[in-house]
Structure formats: C-alpha cells, structure tokens
Amino acid sequence: MSTRIAFLKGHGTENDFVIVPDPENALDLSPAAVAVLCDRRAGIGGDGLLHVVRSEAHPEARDMAPEAEWFMDYRNGDGSVAEMCGNGVRVFARYLQHAGHAVEGDLAIATRGGVKRVHIAKAVPGSGSAPGDVTVGMGRARLPEGDVEVSVGERTWPARNVNMGNPHAVAFVADLAHAGHLYTPPPYEPADTYPDGVNVEFVVDRGPRHVAMRVHERGSGETRSCGTGACAVAVATARRDGVDPAVTGTPATYTVDVPGGTLVITEHPDGEIEMTGPAVIVAEGEFDPAWLEGVLG
C-alpha cells in the first residue's frame with residue numbers, strides 16, 4: 001500500500017477524533033493501527049477514530065444501508081471497537097457536511113448502536129458563519145436493576161446503572177476532584193455487572209437541572225467529554241430528582257457541563273433522548289502508510 005491516506009481531526013466539546021474517510025471500506029485498520037494513529041505523542045492523537053464507510057460496503061452495516069448511507073465504524077483510542085459515541089456521531093455528521101455528503105437539516109447515520117437521527121442546525125447569524133450545533137437522537141436509556149458501587153482510592157459511592165447502547169455507571173459526588181486522575185478504570189462492584197467494562201461518570205450539581213461531570217471512558221481513560229455519558233448522567237439525575245417524562249408527559253432538559261464545554265440533553269415522554277452540542281473540524285492532511293507499517297513492525 002503506497003498511496004498516502006487522507007485524514008481529518010475533529011472534536012465535539014473537546015472529545016477529539018481522528019477521522020479516516022474510506023467510503024468503500026478498503027483500508028485494514030487493525031486495533032494496533034488505530035492505537036498508533038490515536039497516540040498523542042507518536043501518532044496523530046485522539047480519544048478515538050471515526051472510520052467513515054458507506055453502509056453498503058461494511059458487513060456490520062449493510063442491513064442499515066436503506067436507512068443510512070454512511071456508517072460510523074467507531075474505534076476507541078486503544079483500538080477496541082465500541083457500539084456508539086455520542087460526540088463522535090456529531091463530529092461524523094460535521095465531517096459529512098464538510099465533505100459535501102450532507103447539508104444542514106436532517107440526516108441518518110448508521111452505528112453499531114443502530115441508526116441515529118441527526119439534525120445539523122443552520123449557521124448562527126453574526127457568528128462569522130460558524131457552523132450550527134448538531135443534535136443527535138440518542139435512543140432510549142435502559143436502567144438495569146441491581147445495586148452498583150464505584151470506588152476511587154478509599155472513597156466508594158453508589159452508582160446508577162444506565163445503558164445508552166453502551167454501559168455507564170453514574171455516581172453523584174461532593175467534589176469532582178474526588179474522582180482522582182481517572183487514567184485507569186475505577187473499580188466497581190459487583191465485578192460481573194459489566195463483563196465488557198464500563199464508562200464511569202462522576203457528577204456534581206451546579207444548579208436546577210444543571211450538573212457537571214467527569215468521565216473515565218473504557219478504552220480511552222479520562223476524556224474531555226462523553227456524549228452517551230452526558231445522556232446517562234441527565235437520565236440518572238432526572239430519576240434522582242424524581243423526574244420521569246414518561247410519567248409527567250413533559251420533556252425534561254438538563255444542561256451537562258463537561259471539561260470540554262457544555263451539552264444539552266432532552267428526554268422526551270416516549271423515552272427518546274436528544275443531545276445537542278458543537279462539532280468542529282480543526283485540520284486535515286495525509287499520512288504515509290509506510291510510516292504506519294514501520295511503527296507496527
């Protein structure tokens with residue numbers, strides 16, 4: 001393989017991604033190759049990688065092709081495969097707009113967590129043509145039964161088990177600093193609750209229907225933002241507050257501050273959750289596959 005490979009770099013509330021356009025699914029992106037590309041010192045650097053493939057060209061997405069032309073083949077920064085990434089979907093949509101594959105308005109994107117409905121807002125007037133926010137239909141949250149605890153050092157907290165197509169443990173704490181460095185996965189009990197690992201969110205209150213969080217994302221460590229995590233946090237906070245849109249018949253909106261910015265999460269009476277936030281393409285270029293092959297040996 002001698003042809004140079006195009007890539008872009010983007011982020012959603014500073015959850016950053018290497019974007020590799022590959023419409024016909026011609027590239028062999030092994031876990032090791034993805035880990036090298038996402039390495040912040042030896043590679044391009046990112047919390048994860050967005051492999052952009054036409055749905056009909058990928059065996060995992062072919063049955064979604066009638067609904068969604070494009071498949072987000074998402075990989076964590078360590079090269080492992082993930083079901084979904086909320087910030088990643090927004091950045092994926094922004095890439096499609098940037099590349100001329102999508103325009104402002106509604107869009108469907110295939111993911112391992114199903115087809116996600118996306119809305120790209122118009123540019124904000126007076127903002128210097130800065131692109132509008134991206135809203136993603138994140139599906140419904142599942143709230144598995146059973147008590148869960150997470151720990152950091154000598155501190156232990158009860159956590160709410162929330163599944164957004166991927167697993168989350170949401171713990172309410174007095175101070176976000178109590179979450180520690182979050183480089184390594186916080187221990188949890190019972191140990192068999194999350195056989196494939198879990199994303200752990202630590203949450204503090206900022207005001208009415210307004211919280212802040214830090215997160216350890218499985219496969220990536222602490223990240224500046226996590227879209228599915230923000231949704232899980234909004235749902236867990238609503239239930240803690242005694243708010244359930246399915247009961248009240250009224251949507252519930254929570255503002256969730258993450259280290260990289262702010263996301264707005266709305267849960268509707270039918271259970272559907274929408275996440276709104278920014279998405280930015282910051283750079284594009286090429287890398288030589290010979291470099292990658294040399295690093296991999």
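For the residue classes used here, Ala, Val, Leu, Ile, Met, Phe, Trp, Tyr, Cys and Pro count as nonpolar, Asp, Glu, Lys and Arg as charged, and the others, Gly among them, as polar. The structure is a predicted model. By this classification, the lining of its largest pocket comprises 3 nonpolar, 4 polar and 6 charged residues. The volume of the largest pocket is about 250 Å³. Its lining is made up of 13 residues, of which Cys38, Asp39, Arg40, Gly46 and Ser220 lie closest to the centre of the pocket.

Internal space was also examined. A search of the whole structure returned 1 cavity of 30 Å³ or more. The largest cavity has a volume of about 100 Å³, and 17 residues line it, those closest to its centre being Asn76, Met84, Asn166, Asn199 and Glu217. Strand 4 (70–76), helix 2 (86–98) and helix 3 (227–240) are the elements that each give two or more residues to this lining. The lining of the largest cavity divides into 5 nonpolar, 10 polar and 2 charged residues.

Cysteine 38, one of the residues closest to the centre of the largest pocket, is also among the buried residues of helix 1 (residues 31–38). The buried set in this helix consists of Ala33, Val34, Val36, Leu37 and Cys38. An α-helix has 3.6 residues a turn, so residues three or four places apart point the same way. The cover over the buried residues of helix 1 includes strand 2 (15–21), strand 3 (48–54), strand 4, strand 18 (280–287) and helix 5. Cysteine 38 itself has a relative accessible area of 4%.

The structure holds 0 disulfides. A disulfide is a covalent bond between the sulfur atoms of two cysteines, and the cut-off applied to the pair of sulfur atoms was 2.5 Å. The closest cysteine sulfur to that of cysteine 38 belongs to cysteine 85 and lies 11 Å away, so the separation is too far for a bond. Cysteine 85 also provides the closest cysteine sulfur to cysteine 226, at 6.6 Å, which is again too far for a bond. Cysteine 226 is buried, at 3% relative accessibility.

Threonine 111 belongs to strand 5 (residues 105–111). Its relative accessible area is 0%, and the residue is therefore classed as buried. Two polar contacts link the threonine 111 side chain to the backbone: one with the nitrogen of glycine 113 at 2.9 Å, the other with the oxygen of glycine 114 at 2.7 Å. Beyond four places in sequence, threonine 111 touches Met64, Phe71, Met72, Glu83, Met84, Val89 and Lys116. Of these neighbours, Met84 is also one of the residues closest to the centre of the largest cavity.

Glutamate 274 is placed in strand 17 (residues 272–277) and is partly exposed, with 36% relative accessibility. Contacts with residues more than four places away in sequence are made to Thr135, Val136, Val264, Ile265, Thr266 and His268. With histidine 268, the side chain of glutamate 274 forms a polar contact of 3.4 Å. The C-alpha atoms of glutamate 274 and isoleucine 109 are 15 Å apart in space, the two residues being 165 positions apart in sequence.

Both ends of helix 5 (residues 289–296) carry a local feature. At the N-terminal end, aspartate 288 acts as a cap, with a side-chain oxygen 2.8 Å from the backbone nitrogen of alanine 290. Just after the helix, glycine 297 adopts a positive phi of about 75 degrees.

Further backbone features were found in loops. Most residues other than glycine have a negative phi, and most peptide bonds are trans. In the loop between strand 1 (5–12) and strand 2, threonine 13 has a positive phi, near 45 degrees. Glutamate 14, placed in that loop between strand 1 and strand 2, likewise has a positive phi, near 65 degrees. Threonine 13 is buried at 2% relative accessible area, whereas glutamate 14 is partly exposed at 36%. A cis peptide bond runs from glutamate 189 to proline 190, with omega near -5 degrees. Proline 190 lies in the loop between strand 11 (188–189) and strand 12 (199–207).

Definitions and conventions: Residues are numbered from 1 along each chain as its sequence is written. This is a predicted model: local features need pLDDT of at least 70, side-chain atom pairs count only at pLDDT 80 or more; totals for chains, interfaces and linings use all residues. Side-chain values use heavy atoms; hydrogens and water are left out. Buried means under 20% relative accessible area, exposed over 50%, partly exposed in between (1.4 Å probe, protein chains only). On a 1 Å grid over the protein atoms alone, a cavity is a set of points where a 1.4 Å probe fits but cannot get out, and a pocket is an open set with protein on both sides within 12 Å along at least five of seven lines; lining residues have an atom within 4 Å of a point. Grid points are joined across faces, edges and corners, and a volume is the space filled by probe spheres set on the points. Helices (H or I, at least four residues) and strands (E, at least two) are DSSP runs, numbered from the N terminus. A polar contact is a pair of N or O atoms within 3.5 Å; within protein, one must be able to donate a hydrogen and the other to accept it, and residues adjacent in sequence count only if both atoms are side-chain atoms. Contact means heavy atoms within 4.5 Å.
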